[in-house]
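Work through the exercises below with the structure open. Try each task before reading its solution.

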Amino acid sequence: MSTTKDIPTVPLNRFIKHSLNILKNPLPFHHQNFTEQGDVFRLNIGFNSSVIFSRDAALAEYVLQKNQKNYIKSKIQTQDLLKYVGKGLLTSEGAHWKAQRKLIQPAFHKKQLNLLLDAIKTAILHEYKSIKPNEIINVFPILNDLAFQTVVKSLFSSAVNQEDINRLQYITEAAQKMLVKELRQPYLGWWFSLSGKIEKHLALTREAREILKRIVKERRAAQIKANDLLDMLLEARYEDGSTMDEEQLIDEILILFTAGHETTSNALTFTFQLLAQHLEWQEKIYKECIAVKGDTTDLMTQIMTSKVCQQVIEESMRLYPPAYFIDRVNVSEDHFKEMTFPPNSNLLFSVYEIHRHPNLWDQPNLFLPERFENGGRQFSSQYFPFGAGPRKCIGNNFAMFEMIIAVSELVSQYKIYPEFDSIEITPLITLKPKNAFLRFESRN
Ligand code: HEM
């Protein structure tokens, strides 16, 4: 019978030798091992622990979809993140996750999202007012604010003061930065605790919870129907007819802030960098915008018919997937092809590598949005920027609609030029852009 020995192993000394570079950017190390060892390899990381890296699209499909019942998320997405955002959709497992997913899913259906589109567009246009034409601008902070404001305005369409919003944004980002430090420098865990850094961030999280409780209380007292995400979450009912308790509601709101904010701003930033490098695609989107807006004023119809814009965003997320890895741990022993995974094996799927695998994609490193021309269905088992299976991103339509509005509105107003040599990345919890310097020239 096959054993784990069938999986090629990269020894600990190689990991240690490259550790400084891995801390800066682990992707070249992963790539080299995939090239030398094949699509699945085991990396020994010391203390008798190892991680199985994979860029095998069929194995990803097996783990995330076909045999998903045997897999849970790793402790990074559950325990480590949980202490800052609580126990909600992203961070829970089993029956609790299932009940929450069933409860919240309807709030993300197309019909409901339709009610949010005007607020999303208003938030985007407001953010674009800070763009100064003909200057060199780092667009990441602008798009980061845009993504946060979009989630906030979709949740609370009215009557939330800007001071509260700014504080919530500050706290969400501070907690995320702290988590990145903890994950990247686990050997400093004792110092983070002793120096009070972790407690300081937990106190900030408690403050965010208090702000959110006040907002929810005011909404309940006002007894108005706002048709926003908060309304949906307040009205959503479990199978027994009950609603979410207050703590659970706050957990879910914090999770929507965290999950829906950085991923979207990264994707938008990379998309604008790629568009800056490919003026011809800006012109195609521009022409499409004029045609689409000439045909209808209905925003949802405009979004659904902006096919070129959609292809560009899809190709951008193929080359630069914000969620660049997805991890899982198996509950009981499992087998795939010649391989055996003993219980509790850590599997890490490199979405980045699968999206650029030379056997799966023609000219994998080139920006060719036309490959998604026919809806991209032919790529469904090898393209998953939003994950796959039952834990697929609940906000995928929300994000796509938001990004289509954001890209078409910006391209309608400006021509975008690159003020960088090549696109650089910072792989943290998400794949972040590094040098998004652009120049905007008004089209009018
Ligand atoms: C470009 C933008 C986005 C990308 C690339 C993205 C990517 C992902 C991925 C890959 C997962 C699955 C993780 C896994 O299986 O381990 C996920 C889950 C999730 N995402 Fe997103 N996401 C985006 C935007 C959003 C937005 C806008 C929201 C909400 C407003 C959101 C909310 C969530 C939630 C709540 C989960 C957990 C779902 C569950 O476990 O049931 N995401 N996302």
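**Exercise 1. Start at β1.** Find the strand that β1 pairs with, and give the direction of the pairing.

*Solution.* Step one: look for bridges. Two of them join β1 to strand β2, residues 40-46. Step two: read the direction. β1 and β2 run parallel. Step three: pick a residue pair. Thr9 has Arg42 of β2 as its bridge partner. Keep in mind throughout that this is a predicted model.

**Exercise 2. Follow β2 into β3.** State how β2 and β3 pair, and what lies between them.

*Solution.* Step one: count the bridges. β2 and strand β3, residues 49-54, are joined by six, in the antiparallel sense. Step two: choose a pair to check. Phe41 is opposite Phe53 in β3. Step three: inspect the connection. The two strands form a hairpin, with two residues between them. Phe47 sits in the turn and has a positive phi of about 50°.

**Exercise 3. Finish the sheet.** Trace the remaining pairings from β3 onward, then write down the strand order and name the edges.

*Solution.* Step one: go from β3 to strand β9, residues 346-350. This pairing is parallel and has four bridges. Ile52 lies opposite Leu347 in β9. Step two: go from β9 to β6. Five bridges join them, and they run antiparallel. Here Asp327 is opposite Leu348 in β9. Step three: go from β6 to β4. Strand β6 covers residues 325-330 and pairs with β4 in the antiparallel sense over two bridges. Tyr71 has Asn330 of β6 as its bridge partner.

Step four: assemble the order. The six strands form an open sheet, β1-β2-β3-β9-β6-β4, with mixed pairing. Step five: find the edges. β1 (9-10) and β4 (71-72) each have a single partner strand, so one side of each has no neighbour in the sheet.

**Exercise 4. The three-stranded sheet.** Give the order, direction and twist of the open sheet that contains β13.

*Solution.* Step one: list the strands in order. The sheet runs β5-β13-β10, and the pairing is antiparallel. Step two: identify the edges. β5 (136-138) and β10 (414-418) each pair with a single strand, so each has one side left without a neighbour in the sheet. Step three: take the twist. From one strand to the next it averages 40°. Step four: check one pairing. β10 and strand β13, residues 437-442, share five bridges in the antiparallel sense. Within it, Pro418 has Leu438 of β13 as its bridge partner.

**Exercise 5. Two helix crossings.** Describe how α10 meets α14, then how α17 meets α19.

*Solution.* Recall the descriptors first. A packed helix pair is described by the angle between the axes and the distance between them.

Step one: take α10 (residues 162-184) and α14 (residues 246-277). Their axes come within 11 Å and cross at roughly 80°. That makes α10 roughly perpendicular to α14. Step two: list the contact. α10 contributes Leu168, Thr172 and Gln176, while α14 contributes Phe257, Thr258, His261 and Glu262. Step three: sort these residues. Two are nonpolar, four polar and one charged.

Step four: repeat for α17 (residues 307-319) and α19. These axes come within 10 Å and cross at roughly 110°. The two helices are therefore roughly perpendicular to each other. Step five: list this contact. Cys309, Gln310, Val312 and Ile313 come from α17; Met403, Ile404, Val407 and Ser408 come from α19. Step six: sort again. The contact has six nonpolar residues, two polar and no charged.

**Exercise 6. The ligand shell.** Which residues come nearest to the ligand, and which helix supplies the largest share of the shell?

*Solution.* Step one: find the nearest residues. Among the 25 around the ligand, these are Gly260, Thr263, Gly387, Cys393 and Gly395. Step two: assign helices. α14 and α19 (396-413) each supply at least two shell residues. The largest share, seven residues, comes from α14. Step three: classify the shell. It has 16 nonpolar, six polar and three charged residues.

**Exercise 7. The whole chain.** Count the helices and strands, then judge compactness.

*Solution.* Step one: count. There are 19 helices and 13 strands. Step two: compare sizes. The radius of gyration is 22 Å, close to the 22 Å from the globule rule for 444 residues, so the protein is as compact as a globular protein of that length. Step three: add the box. Along the principal axes, the C-alpha atoms fill roughly 65 × 50 × 45 Å.

Notes
Residues are numbered from 1 along each chain as its sequence is written. This is a predicted model: local features need pLDDT of at least 70, side-chain atom pairs count only at pLDDT 80 or more; totals for chains, interfaces and linings use all residues. Axes are lines fitted to C-alpha atoms, for helices over the stretch in contact, and angles run from 0 to 180 degrees between N-to-C directions. Angles under 35 degrees count as roughly parallel, over 145 as roughly antiparallel, 65 to 115 as roughly perpendicular and the rest as oblique. Two residues are in contact if their C-beta atoms, placed from the backbone, lie within 7 Å. Ala, Val, Leu, Ile, Met, Phe, Trp, Tyr, Cys and Pro count as nonpolar, Asp, Glu, Lys and Arg as charged, and the others, Gly among them, as polar. Two strands pair if DSSP finds at least two bridges between them. A residue is near a molecule or strand if its C-beta atom, placed from the backbone, lies within 6 Å of it. The radius of gyration is taken over C-alpha atoms; the globule rule is 2.2 Å times the number of residues to the power 0.38.
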